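Take a look at the model below. The report after it goes through strands, rings and charged pairs.

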Amino acid sequence: MLAKRLKKYGHFLKSLWKINTKLLSGMWKLTKVPAPAVTVFGGARLSQDDKYAKLICALTKKLSENGYSIITGGGPGIMEAANLGAYENHKSHMHKKKKLYSVGIGVARVGKANEYIQENIVMPYFFIRKWLLTRSSCAFIVGPGGFGTLDELSEIVTLIQTHKMPKTPIILIGKKYWWPLLDWVYESGVKNNLIPEKDAKLLNVTDDIDLAYNLIKKSCKKESPTAISAESKEPISKCKVE
C-alpha cells in the first residue's frame with residue numbers, strides 16, 4: 001500500500017516539476033512585455049471578416065498606437081484579430097530594433113499559433129496558461145466565444161469578486177452577442193441574490209471602440225504608455241470597421 005502511494009506521489013512530483021519549470025519560463029518571457037498590457041480573450045472559430053473580429057482588431061490597433069502591449073491565447077479567430085491590430089500599428093517599424101508588443105500564450109498540441117504574434121509562449125496545461133494570461137494585465141477585453149471564453153471570463157470576475165485580483169475593467173465586445181448573458185446575470189443571478197449587483201457591474205458591454213479605450217485608459221492611468229503610432233504602408237487596414 002505504501003509503495004503504491006509513494007509511486008503515485010512520485011508521479012505527482014514529476015508533473016509538478018514540469019509545471020513549475022514551464023511556468024517560470026513563461027513568466028520570464030512575459031517580463032519582457034512592456035507595461036501596460038491588455039489581455040484579449042475570445043473564440044477561435046470566427047473569421048477575420050467577422051464584424052466582431054474587426055471591432056477587436058480596431059480596438060487593439062488603437063491601444064497599440066497608444067503604447068499598450070497586447071496579450072492573447074495566440075490562436076485564430078478573436079485572438080488573431082487582436083494580435084493583427086497590434087501588428088498593423090507596428091509593421092512599418094519592422095526594420096527597426098525589435099520591440100515586444102504582441103504575445104500569444106498557447107497550449108501544447110491545441111491549435112496553431114497565428115502569424116501576428118512576436119512571442120509564442122506554449123504551456124502544457126490550460127490552468128497555467130490562464131494564470132499567465134491574467135498575471136500582467138491592467139484590463140481585459142472579451143470578444144464572442146464559447147465555453148473556453150466563458151471559463152476565462154468567469155474566472156476573472158471571480159478573482160476580482162474574492163479580492164484575489166485588483167478591480168480591473170472587463171470589456172465585452174459584441175452587444176448583440178453578450179446581452180443574453182447579461183440578462184441572465186441580472187434577471188436570474190442578481191434577482192436570486194446569487195450574484196451581488198456590484199459584481200454584475202464589473203461587466204461592461206459595448207461596440208464603441210472609443211468608449212472601450214477610455215475605460216482601459218482610465219484603469220491603466222497609473223502607467224505611462226508611450227505612443228508608438230505608425231502610418232500603415234498599405235492603404236487599407238485589414239481590421240477596418242465598415
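What follows is a short tour of a predicted model.

## Strands and their pairing

Start with strand β2, residues 69-72. Are its two faces covered or open? Both faces are covered. Ser69 and Ile71 lie on one side, Ile70 and Thr72 on the other, and all four residues are buried. Each of them therefore falls under 20% relative accessible area.

Strand β2 has two parallel partners in this account. Strand β1, residues 37-41, pairs with β2 in the parallel sense over three bridges. Within that pairing, Ala37 has Ser69 of β2 as its bridge partner. The route from β1 to β2 runs through helix α2, residues 51-65, and this β-α-β crossover is right-handed. Strand β3, residues 102-107, also pairs with β2 in the parallel sense, over three bridges. Here Thr72 stands opposite Gly104 in β3. Ser69 and Thr72 are thus bridge residues as well as buried ones: Ser69 is the partner of Ala37, Thr72 faces Gly104, and both are buried.

## A nonpolar patch on helix α1

Which residues make the nonpolar surface patch of about 390 Å²? They are Tyr9, Phe12, Leu13 and Leu16. Leu13 lies in helix α1, residues 2-30. Tyr9 and Phe12 lie in helix α1 too, three residues apart, about one turn of the helix.

Two patch members can be placed on the exposure scale. Leu13 has 41% relative accessibility, so this residue counts as partly exposed. Phe12 has 45% and is also partly exposed. Patch membership needs over 30% relative accessible area. Leu13 clears that cut-off at 41%, and Phe12 clears it at 45%.

## Aromatic pairs

How many aromatic pairs does the model hold? The count comes to six. One of them is formed within the patch, by Tyr9 and Phe12. Their ring centres are 5.9 Å apart and their planes stand at 35°, so the pair is tilted.

Tyr87 and Tyr116 give another tilted pair, because their planes stand at 50°; their ring centres are 5.2 Å apart. This pair links distant parts of the chain. Tyr87 sits in helix α3, residues 78-90, while Tyr116 sits in the loop between β3 and β4 (119-123), 29 residues apart. Is Tyr116 buried or exposed? Tyr116 is buried, with a relative accessible area of 8%. Tyr87 is partly exposed at 26%.

## Salt bridges

Side chains of opposite charge can pair when their charged atoms come close. The whole structure holds nine salt bridges. One of them joins Lys62 and Asp210, with the closest N and O atoms 3.6 Å apart. The cut-off is 4 Å, so this pair qualifies. Lys62 lies in helix α2 and Asp210 in helix α8, residues 209-219, so the bridge ties together parts that are 148 residues apart in sequence. Helix α2 is also the helix of the β1 to β2 crossover. Lys62 is partly exposed at 24%, and Asp210 is partly exposed at 45%.

Lys130 and Asp151 form another salt bridge, at 2.6 Å between the closest N and O atoms. Again the pair links distant parts of the chain: Lys130 in helix α4, residues 126-135, and Asp151 in helix α5, residues 147-161, 21 residues apart. Lys130 counts as buried, because its relative accessibility is 12%. Asp151 is partly exposed at 36%. Next, take Lys191 and Glu187, whose side chains meet in a salt bridge at 2.8 Å, N to O. Lys191 counts as exposed at 58%. Glu187 is partly exposed, with a relative accessible area of 46%. Which residues are joined into one network by salt bridges that share partners? They are Lys130, Asp151 and Glu155.

## A glycine in the β3-β4 loop

Gly111 is placed in the loop between β3 and β4. Tyr116 lies in that loop as well. Gly111 counts as exposed, because its relative accessibility is 73%, whereas Tyr116 is buried at 8%. Gly111 also has a partner to note from elsewhere in the sequence. Gly75 is 36 residues away in sequence, and the C-alpha to C-alpha distance is 6.6 Å.

Definitions and conventions. Residues are numbered from 1 along each chain as its sequence is written. This is a predicted model: local features need pLDDT of at least 70, side-chain atom pairs count only at pLDDT 80 or more; totals for chains, interfaces and linings use all residues. Side-chain values use heavy atoms; hydrogens and water are left out. Buried means under 20% relative accessible area, exposed over 50%, partly exposed in between (1.4 Å probe, protein chains only). Two strands pair if DSSP finds at least two bridges between them. A crossover is right-handed if, with the strands pointing away from the viewer, the path from the first strand over the helix to the second runs clockwise. Patches are made of residues with over 30% relative accessible area and no salt bridge: like charges are joined within 9 Å, nonpolar side chains (Val, Leu, Ile, Met, Phe, Trp, Tyr) within 5 Å. Accessible areas come from the Shrake-Rupley method with a 1.4 Å probe; for residues, only the protein chains shown count as cover. Rings of Phe, Tyr and Trp (its six-membered ring) pair if their centres lie within 6.5 Å; planes under 30 degrees apart count as stacked, over 60 as edge-to-face and the rest as tilted.
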